[in-house]
Amino acid sequence: VSATTSYELFYWPSIQGRGEFVRLALEEAGASYVDVARRPDGMKEMMKLLRGDASTLPPFAPPFLRHGKVVLAQVSNILEYLGPRLDLVPEGEAGRMAVNQIQLTISDLVSEVHDTHHPIASGLYYEDQKPEAARRSKAFVSERIPKYLGYFERVLEHGGGEWMVGKAISYADLSMFQTLTGLAHSFPKAMGHVKPSIPLLGALRERVAARPRIAAYLASERRIPFSAQGIFRAYPELDLDPST
Ligand SMILES: N[C@@H](CCC(=O)N[C@@H](CS)C(=O)NCC(=O)O)C(=O)O
């Protein structure tokens, strides 16, 4: 694939969702890309690729990326591919693997966030699993948020405090920004509670938001707002007080 070939992102057109981790990497790098399903007839193209054909391995679910003849799915896998091409990973293998490790851990956390509003089945409405969602959220805010964020704070400490891995920004920092922003949107009480113990993460979130290309992106129409269709939802009844 030539260095000038445009990236094509395929993701649900009206939510940040998991696609946002890929969008942020493309935006920070100033890469030439198309958010295909947001274009007229783009959804048709996405559904066709999802069904697969003889030439490509079918993805299980969006997001997926096409770059020339390459079609690949899974957020962490997509970012692993993009990292060196967009200069969003350290040079050596050890650094690259470390960034991937952080990204995979963020993916685990994102799945748990999804399960706070869909603990029983993704195919059921939230309204059909509300009591279970409340139980799940209670455990999530009191145990999982402190555990995950405490871990990511230690990762930052280990790396010197500025970036998650190495001496420059990587896609792990962008994904951490997205995760912290989403958690603050969905669980303001729990995030207020944990805030004093994660000063480095708080500063990282601001550092990423202030990156010129990220700031421009966040202020643009390309940044889809949070909504009750995405992963990070704002259901007040799930924003339980972790200390009670
Ligand atoms: N582990 C995958 C998860 C992909 C995924 O769950 N995509 C969602 C949208 S965010 C979807 O469309 N899922 C359909 C399904 O699971 O049936 C990734 O990180 O890309």
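**Helix α1, the ligand and selected residues**

D41 is exposed, at a relative accessible area of 55% (exposed means over 50%, buried under 20%, partly exposed in between, using a 1.4 Å probe and protein chains only). The structure is a predicted model, in which local features need pLDDT of at least 70 and side-chain atom pairs count only at pLDDT 80 or more, while totals for chains, interfaces and linings use all residues. Residues are numbered from 1 along each chain as its sequence is written, and side-chain values use heavy atoms, with hydrogens and water left out.

**Positive phi angles in loops**

- The loop between β2 and α2 holds D41 (helices are DSSP runs of H or I with at least four residues, strands are runs of E with at least two, and both are numbered from the N terminus).
- D41 is not a glycine, yet its phi is positive, at about 70°.
- A second such residue is D87, which is not a glycine either and has a positive phi near 60°.
- D87 belongs to the loop between α3 and α4, and its relative accessibility of 61% makes D87 exposed.
- G30, just after α1, also takes a positive phi, of about 65°.

**Helix α1**

- Helix α1 spans residues 19-29, and 10 of its 11 residues are buried, so the helix is mostly covered.
- The buried residues include G19, F21, V22, L24, A25 and L26, and the charged-letter entries R23, E20, E27 and E28 are on that list as well.
- Two strands, β1 (7-10) and β2 (33-35), pack against the buried residues of α1.
- The helices α3 (75-85), α4 (93-117), α6 (171-186) and α9 (212-218) pack against the buried residues of α1 too.
- G19 lies in α1, and its relative accessible area is 0%, so G19 is buried.
- G19 is in contact with L9, Y11 and P63 when residues up to four places away in sequence are not counted (contact means heavy atoms within 4.5 Å).
- G19 and S107 are 88 residues apart along the chain, and 12 Å separates their C-alpha atoms.

**Around the ligand**

- Which residues are around the ligand? They are Y11, W12, R18, F60, A61, P62, P63, Q74 and V75 (each has a heavy atom within 4 Å of the ligand).
- W12 has a polar side-chain atom 2.9 Å from an oxygen atom of the ligand.
- In R18, a side-chain N or O atom is 3.1 Å from a ligand oxygen atom.
- For V75, a polar backbone atom is 3.1 Å from an oxygen atom of the ligand.
- The ligand taken alone exposes 510 Å², of which the protein buries 64% (areas come from the Shrake-Rupley method with a 1.4 Å probe; for residues, only the protein chains shown count as cover).
- P62 and P63 are joined by a cis peptide bond, with omega near 5°.
- P63 sits in the loop between α2 (42-51) and β3 (64-67).

**T181 in helix α6**

- T181 is placed in helix α6, and with a relative accessible area of 12% it is buried.
- The side chains of T181 and R205 make a polar contact of 3.3 Å (a pair of N or O atoms within 3.5 Å; within protein, one must be able to donate a hydrogen and the other to accept it, and residues adjacent in sequence count only if both atoms are side-chain atoms).
- A polar side-chain atom of T181 is 2.8 Å from the backbone oxygen of F177.
- Neighbours within four places in sequence aside, T181 is in contact with R205, R223 and F226.
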